2 protein chains.
Amino acid sequence: MAGRTDRRKPDRRKPSAHVTAEDVARKLGLSQSTISRAFTASASISGTTRARVMEAARALGYRPNVIARSLMTRHTNIVAIVMANLVDPFYPIVLDQLTQRIKAIGRQTLLFVPSPGQDVEDVLPMLLQYQVDGIVITSATLSSTMVRVCAAQRTPVVLLNRYVPGLKVPAVSCDNIAGGRQIADHLVALRHVRPAFVSGQPDATTNLDCQRGFVTRLHELGVASCIQEQGGDYSYEAGFAAARRLARRKRRPDAIFFVSDVMAFGGLDALRQEGMRVPEDISVVGFDDVPSAGWPCFGLTTLRQPVPAMVHAAIAMLDLDGDAPARRRPATRLIMGELVERTSTMARGRHPRTRRDQPVDGRPSLSGIRI
Amino acid sequence: MAGRTDRRKPDRRKPSAHVTAEDVARKLGLSQSTISRAFTASASISGTTRARVMEAARALGYRPNVIARSLMTRHTNIVAIVMANLVDPFYPIVLDQLTQRIKAIGRQTLLFVPSPGQDVEDVLPMLLQYQVDGIVITSATLSSTMVRVCAAQRTPVVLLNRYVPGLKVPAVSCDNIAGGRQIADHLVALRHVRPAFVSGQPDATTNLDCQRGFVTRLHELGVASCIQEQGGDYSYEAGFAAARRLARRKRRPDAIFFVSDVMAFGGLDALRQEGMRVPEDISVVGFDDVPSAGWPCFGLTTLRQPVPAMVHAAIAMLDLDGDAPARRRPATRLIMGELVERTSTMARGRHPRTRRDQPVDGRPSLSGIRI
DNA sequence: TTGAAAGCGCTACCAG
DNA sequence: CTGGTAGCGCTTTCAA
């Protein structure tokens, strides 16, 4: 008997005090069906009966078993979120709002955090097994195969903060091209002539679009060249390293646009360490507008991602309550961001033309910093 | 017919292509039980049969329905996390590690984020309905009533980063008293004589313990007085405001211990704004050691919470695989943190006695900062 | 409005 | 090792 290892396992099957609808029925001399109906809003049952049932249920500590219910109804009231980058402060904010929104539509959140090496695709079958009502995937794409699998299962999926140009998979993202353009406008208005762009993950649409919008708008405005610097990922360290490389060039840029705020934070530190003052010697712009971007120590000018709208749109696209117009459900929805000007950018040249030329409104500059 | 509003609902019952074990059985001329066994690791089934089943399953796109399985086995392989403070960077880190650990033990994560006003207690019944295998509650306490309810359901619960002194509910936390003491030691070793303590939420055990450890150790070391300043919550803004109040006192403190890193960041900015240099004029210490504490712009000396150990211990206390010694499972487990010295603290007085007296090893001081 | 009965898709037990 | 047979606790027709 010592040989059996899984001895305690059967013990784990909670053998205990859970009351079923049957128990309530017995106590009340009703049928089990009636108990069920009492807990179904749309069921036809007399008010008094329902009240009696509810009363008895409370007394007995009865709660419908959602698992059993799901087996019948074929939906779990659970929405799955796939989110990899929990360490970047941008994502917890998205997650927070997503969970709140999901709760608002009466669902629960199943969170899946892929391991570093793990492909998002691999986890979908598992999620599908859980019969989730919908899946929100952040910052990852989807192959046409998986799209088909989800479709077959009738499980709606939506991509958040990324999209797949070719595929018809629903996606919501900030309008990164427009964002890049807005930043180009801002920098050119501030008379910068040697801007640099620091990318994150090289292949992400997010990145590419920001860059495209930024560079093309720069061209349109007559700024021919833009220094392109690879970040590698979206981390503080990557931003730090990229900024240092930029600062050590023979011809330094007079402005840097980092594709994420956290990278910009790293950049800020690196630039100061290299003896450059921000914004006097160089302007710095980020992307996302995480809360800390507004802290005085950063004062980062950045493009605010419209997270509330994005989250709202994403959940809406899941169409969990079946009341969507269906016809005009665009495959991918881009939402405009908003430039937030702070103290990390100021105009070049000696003819002050904008209100950002010097630190104003008591908001001090970051220049003294010598890190 | 226009009167019926829930017309489309039945339509949502995915009427589609999901293959069941029965389908696979039919195709293979086997019994449905055998299909089930093929997917049960511990079941007795021949290797060849299992292989055939797996092959056919793949071909048909069959995956066991975990809902149906859960109905039988009475567990869902889901661990619920209740986490309110997603915006404080400390919690995403905890969440990240929790999910990884939960995945490592073969479970999924159901995330519940209570709304601002919502009581944690209120959500437990819902979680219980979902038949989760266990519940991890971060930064919130539990009433004895709920503890009893969970116990009745045989659903293990563990508190993370908080504990209930009276109750016998399993809890894991950083040893905050010891943490407070370590910081007192550090500050006194650096010859500070007018330390201040800035609290977060006034009633949290976390807080109280830090404070207790800090103040009593200070006393032991001969520092009689410690300025106590209320933060109110754990935010940057709260830290900022508290630090400003402290800086505007007639007799300023020569060191401030903020009960969270984010508060300390706010404090750093406030102090600089008030014209104080850190660490030359005043030392600043935080608590948590979030990643950004190590960034040059903060260089925050702080007490590192042993998150990996805490997470590991918490999940272990859930005892999800039933192989715990059971006898020596302490109701509450405190894990020692570790002081991380950076550039926000330095010794007072003119007799350099410790290596922190002046900025060393090329790590520059933060003094130049004038925010 | 209510009760009886038939499953949802699976696991678990019992024979063989 | 495999096939039959009971359910898990609920929702949902179908009659009454």
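These exercises work through a predicted model with protein chains A and B and DNA strands C and D.

## Exercise 1. The surface near DNA strand C

Find how many residues surround DNA strand C, and name the elements that supply them.

Step 1. Count the neighbours. DNA strand C is surrounded by 26 residues.

Step 2. Pick out the closest. These are A:S44, B:A21, B:S33, B:S36 and B:A68.

Step 3. Assign elements. Chain A gives two or more residues from each of α3 (32-38) and α5 (66-73). Chain B does so from α2 (21-28), α3 (32-38) and α5 (66-73).

Step 4. Rank the elements. α5(B) has the largest share, with five residues.

Step 5. Sort by class. The surface near DNA strand C holds 10 nonpolar, 14 polar and two charged residues.

## Exercise 2. The surface near DNA strand D

Repeat the analysis for DNA strand D: which residues are closest, and which element gives the largest share?

Step 1. Here 27 residues surround the strand. The closest are A:A21, A:S33, A:S36, A:A68 and B:T34.

Step 2. At least two residues each come from α2 (21-28), α3 and α5 of chain A. The α3 and α5 helices of chain B also supply at least two each.

Step 3. The largest share, five residues, belongs to α5(A).

Step 4. By class, the surface near DNA strand D divides into 10 nonpolar, 14 polar and three charged residues.

## Exercise 3. Domains of chain A

Write down the domain bounds of chain A, then give the distance between the C-alpha centres of domain 1 and domain 3.

Step 1. Domain 1 covers 21-64. Domain 2 is assigned 73-174 + 310-334. Domain 3 takes 176-306 + 336-359.

Step 2. The C-alpha centres of domain 1 and domain 3 of chain A are 62 Å apart.

## Exercise 4. A sheet with strands from both chains

Trace the order of the open sheet of 12 strands and identify its edges.

Step 1. Read the order: β11(A)-β5(A)-β4(A)-β3(A)-β1(A)-β2(A)-β2(B)-β1(B)-β3(B)-β4(B)-β5(B)-β11(B). The pairing is mixed.

Step 2. Find the edges. They are β11 (332-335) of chain A and β11 (332-335) of chain B, each pairing on one side only.

Step 3. Take the twist. Neighbouring strands are turned by 20 degrees against each other on average, direction ignored.

Step 4. Look at one pair. β3 (residues 134-138) and β4 (residues 157-160) of chain A run parallel and are joined by four bridges. Within this pair, A:V136 stands opposite A:V158.

## Exercise 5. The six-stranded sheet of chain A

Why is one side of β7 and of β12 left without a neighbour in the sheet? Then place the helices that pack on this sheet.

Step 1. The open sheet has the order β7-β6-β8-β9-β10-β12, with mixed pairing.

Step 2. β7 (227-229) and β12 (338-340) of chain A stand at the edges and have a single partner strand each, so one side of each has no neighbour in the sheet.

Step 3. From one strand to the next, the twist averages 20 degrees.

Step 4. Inside the sheet, β8 (residues 255-258) and β9 (residues 283-288) of chain A pair in the parallel sense over three bridges. A:F257 faces A:V285 across this pair.

Step 5. Helix α10 (residues 205-220) of chain A touches β6 (195-198), β8 and β9, and its direction makes about 170 degrees with that of β6(A).

Step 6. Helix α11 (residues 236-247) of chain A lies across β6, β7 and β8, at about 145 degrees to β7(A).

## Exercise 6. A helix pair in chain B

Are α7(B) and α8(B) roughly parallel or roughly antiparallel?

Step 1. The axes of α7 (residues 120-129) and α8 (residues 144-152) of chain B come within 10 Å and cross at roughly 5 degrees.

Step 2. Angles under 35 degrees count as roughly parallel. The two helices are therefore roughly parallel to each other.

Step 3. List the contact. B:E121, B:L124 and B:L128 of α7(B) meet B:M146, B:V149 and B:C150 of α8(B).

Step 4. Classify it: five nonpolar residues, no polar and one charged.

## Exercise 7. Backbone details

Locate the cis peptide bond in each chain, and the residue of chain A with a positive phi.

Step 1. In chain A, the cis bond joins A:V278 and A:P279, with omega about 10 degrees. A:P279 sits in the loop between α12 (261-273) and β9 of chain A.

Step 2. In chain B, the cis bond joins B:V278 and B:P279, with omega about 10 degrees. The loop between α12 (261-273) and β9 of chain B holds B:P279.

Step 3. A:R74 has phi near 65 degrees, a positive value in a residue other than glycine. A:R74 belongs to the loop between α5 and β1 (78-82) of chain A.

Note on methods. Residues are numbered from 1 along each chain as its sequence is written. Chains are lettered from A and ligands numbered from 1 in the order in which they are written. This is a predicted model: local features need pLDDT of at least 70, side-chain atom pairs count only at pLDDT 80 or more; totals for chains, interfaces and linings use all residues. A residue is near a molecule or strand if its C-beta atom, placed from the backbone, lies within 6 Å of it. Ala, Val, Leu, Ile, Met, Phe, Trp, Tyr, Cys and Pro count as nonpolar, Asp, Glu, Lys and Arg as charged, and the others, Gly among them, as polar. Domain bounds come from an automatic or database domain assignment. Two strands pair if DSSP finds at least two bridges between them. Axes are lines fitted to C-alpha atoms, for helices over the stretch in contact, and angles run from 0 to 180 degrees between N-to-C directions. Two residues are in contact if their C-beta atoms, placed from the backbone, lie within 7 Å. Angles under 35 degrees count as roughly parallel, over 145 as roughly antiparallel, 65 to 115 as roughly perpendicular and the rest as oblique.
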